[in-house]
Structures are given as C-alpha cells and as structure tokens.
Amino acid sequence: MSGPSVLLDTHNRVIRDLRISITDRCNFNCIYCLPETEEAANLFQSVAPEAKSSAPVPGKLPYPWKPRSQILSFEEIVRVIQVAASFGVDKIRITGGEPLLRRGIESLISQIAAIDLIRDLSLTTNGTHFPRLAKRLKEAGLGRVTISLDSLDRDNFKKITGHDRLAEVLKSICLAKSIGLTPLKVNAVIIRGLNDHEIVRLAKFALDEDIVMRFIEFMPLDSRKAWCRDHVVSGSEILRQIQSKYPLTRLPVANPSETSTRWSLGRGAAEVGIIAPVTQPFCGDCNRIRLTADGKIRTCLFSHHEHDLKPSLRKGSDTAELAARLQQIVLKKEPGHRINEADFVQPARTMSLIGG
Ligand code: SAM
Ligand code: SF4
C-alpha cells in the first residue's frame, strides 16, 4: 500500500485512539446524557429555568434503539480495529450506551486483546453489570476500566442517573481495584446546582480509595438539548475547590493527546484529573476517532457529518479498500469543536449514541 502508514489528518494530527460504541442502549438516564425522565426535566428547570425543557413522554426515548441488524457484529468491529491497528492505532476504548448490556462482550474483548498491535484496551461503564462480568472481562484480556460515578449521596445519585444503584457502582469500584483492572479511573460530570457541592467529597474519595478521580465539564451532548453555559462548572473552578482543601501537585504530561490535566493528591496513586473541553478545548492535540454502534465513523464528538463504514463492511470490501476509506475519512477531521462559537449547533446524536 502506498501513502503514509499512519492515519494523518490535514491538521498534522496522527490518529492513535479509536473509541468504539458497541451498543446504543443504556439502563441509566443520566441527566447530562439521556435524561428522559420527569425528574430530570424538573431538575433542569430548577437549575436553569430558561433551559429548553419540554415535558418528557414517560418511557419514550427521543429515538428508538436501533434494530440488531443495524448494529455492527463483533466480527465487523474487529475488522475495523485490525485496519486501524495497521495504521498505528494502538489504543481502543469500548463504550456505549452501556457496553456491558451487549451480550457476549467478553468474546469481543478477547478478540481485540489478541491483536498484537493494540497496547491499551479499556472500557467505560456505569458499573451496574460489572460485578457479574468483571472476572470474565479481565480473563478475556481487558486492561483497565473507567467507571462513572457522579455522586456519593444515594439520593443525588438517583437524581442524576435516574436509578437507585449507587451501592452497586461502589461495589464495582472495589472489585475493579481488587482484580487489577487498573489504573482505575472514575468519571464524574459536574453540573452546577446538582453535584458541584460534592466536588471535594469526590476528591476525598479518590484519596481514600487510591484511585484516579476525573472531573468532566458538562458538554452539549444531552438528549433533551437542555445544556446551557449556566450548567457548566469550569475545570478551573473545580480545581480551585479541590485545592482549597487538598494540596495538589501537577503531574507531568505523559502524552500531549491526554484529555485531562492530572494532579497528584500526594499519596499513593490517588489523582485528580480535570477534563475541560468547554472552557479549555484540547482539539489541537486530538488523536481520537469514534466508531458508533451502527458503524459510523465520527471524526469529532461534535461532528455533524458521519462516515458510514457499514456498507463497505457488508458488501465485502477487502482490507486495502477499507484502509483507503479510513484514510480518506480521517482527512475530514474537523480542526476542533465549535462549542464556544456563536453559531454552534449541538449534534443530533447524544453522548449515549456516540460513545464517550
Ligand atoms: N454508559 C457508560 C458510562 O456511563 O460510563 C459509557 C458511556 S458514557 C456516554 C461515557 C462517559 O461519557 C461517561 O463517563 C459519562 O459521564 C460521559 N458523558 C455522558 N454525557 C456527557 C456530557 N453531556 N458531558 C460530559 N460527559 C458526558
Ligand atoms: Fe449515563 Fe452512560 Fe447511559 Fe449516558 S450512556 S445515560 S452516561 S450510563
């Protein structure tokens, strides 16, 4: 094959990281992602009354789950990974929706783990099905896991996710540590008036549990399109709150494409990560592309255009054709998101449909 042997975009960024959503389904209704609950609508009204917030129809999603026939098979997913890996993509994150809802996920993990060129294989989960699957995932070759946890308060957890399942998620965090799915990262999306009063408590949790706690700015990717700037707690504000209680030491940048700035809490592996895509965009060093559960490549979280690989995969394109397609797609990668531009338009897909 001629041409560069890496996936190079027109802004000189080399793609090394592929995030794969393996299902569009989820068993949670996180307020920042899939808040199709009455409670979430009320909450958005109280946090920012001017937010667009029409009444949800109970039980009705803003879009139906995709039929199975439109979702990529494990074989198709592995094929895309093999082509990407041949271009030097060596980091794979499995996500969703809730990836642990996909039956047989451990088989997918073992097939990916068998690809020599993949050096980092991780998974992001809400933690609810993790206790049942953790050991099998580890044995299949999963390297590490990220678990979402936005609150340590049972009632607030329920408000944020729509489900009373904090205890299970806490259990998953202990389990992930004990079986060595580490470094364990725990993600919290911070929303003003909802869980910003828990920031210091969540940092203390990182210290107590010796884990990496990552604080994420709320991005405009929610299904109700209720996001507005008033909801966003900036990364610098989050950092200030933690620093007022704990001395933090900035950790060196291991890789320019890292999404978080990392801070040691001064003991063991306990760390705070600040992910501030809204107030401190890191698009200039972005090395990521995403594959949706229905086979679309997204070159940015905020893309308005997707590139459908499914027809090529299903009509039997050979590896050289798929490789050429991937190279062409990467050339379309946007210079950056436009959240802070006056003409910003939220993409049609929510985070749950893209894969965070
Ligand atoms: N269901 C899994 C989970 O929640 O961990 C994996 C998919 S979820 C879309 C991946 C990550 O995206 C989660 O850590 C979640 O907190 C984050 N996320 C979802 N919507 C977001 C938003 N609007 N802004 C910032 N982060 C968001
Ligand atoms: Fe929450 Fe993840 Fe489900 Fe979105 S996909 S609603 S973040 S659990």
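Hi everyone. A quick definition before we start: a polar contact here is a pair of N or O atoms within 3.5 Å. Please also keep in mind that this is a predicted model.

With that cut-off in hand, let's go to ligand 1. A nitrogen atom of the ligand sits 3.2 Å from a polar side-chain atom of Glu98, so that pair falls within 3.5 Å and counts as a polar contact. The residue just before it joins in through its backbone: an N or O atom of the Gly97 main chain is 3.0 Å from a nitrogen atom of ligand 1. Tyr32 also uses its backbone, with a polar atom there 2.7 Å from a ligand nitrogen. And how much of ligand 1 does the protein bury? On its own the ligand exposes 550 Å², and the protein buries 96% of that.

Now for the wider surroundings. There are 18 residues around ligand 1, and those that come nearest are Tyr32, Gly97, Ser148, Asn187 and Met219. Sorted by class, the shell holds nine polar residues, seven nonpolar and two charged. Which strands each supply at least two residues of that shell? They are β3, at 120-125, β5, at 185-190, and β6, at 212-217.

Let's stay with β5 and β6 and look at the loops beside them. In the loop between α6, residues 166-178, and β5 you'll find Pro183. The peptide bond joining Thr182 to Pro183 is cis, with omega at about 0 degrees.

Moving on, the loop between α7, residues 199-209, and β6 contains Asp210. This residue is not a glycine, yet its phi is positive, about 60 degrees. Is Asp210 buried or exposed? The answer is in between: Asp210 is partly exposed because its relative accessible area is 39%.

On the other side of β6, in the loop between that strand and α8, residues 235-243, is Lys225. Here again we have a positive phi on a residue that is not a glycine, this time about 55 degrees. With a relative accessible area of 33%, Lys225 is partly exposed.

My last stop is Ser312, in helix α9, which covers residues 310-314. Ser312 has a relative accessible area of 11%, so it counts as buried. If you'd like to find its neighbours on screen, leave out residues up to four places away in sequence, and Ser312 touches Ser317, Leu322 and Arg325.

That's my tour. Thanks for listening!

Notes: Residues numbered from 1 in each chain as written. Chains lettered and ligands numbered in written order. Predicted model: local features only at pLDDT ≥ 70, side-chain atom pairs only at ≥ 80, totals over all residues. Heavy atoms only, no water. Near = heavy atom within 4 Å. Polar contact = N/O pair within 3.5 Å; in protein donor to acceptor, adjacent residues only side chain to side chain. Areas by Shrake-Rupley, 256 points an atom, 1.4 Å probe, with all protein chains shown as cover. Helix = DSSP H or I, 4+ residues; strand = E, 2+ residues; numbered from the N terminus. Nonpolar A, V, L, I, M, F, W, Y, C, P; charged D, E, K, R; others polar. Buried < 20%, exposed > 50% of the residue type's maximum accessible area, 1.4 Å probe, protein only. Contact = heavy atoms within 4.5 Å.
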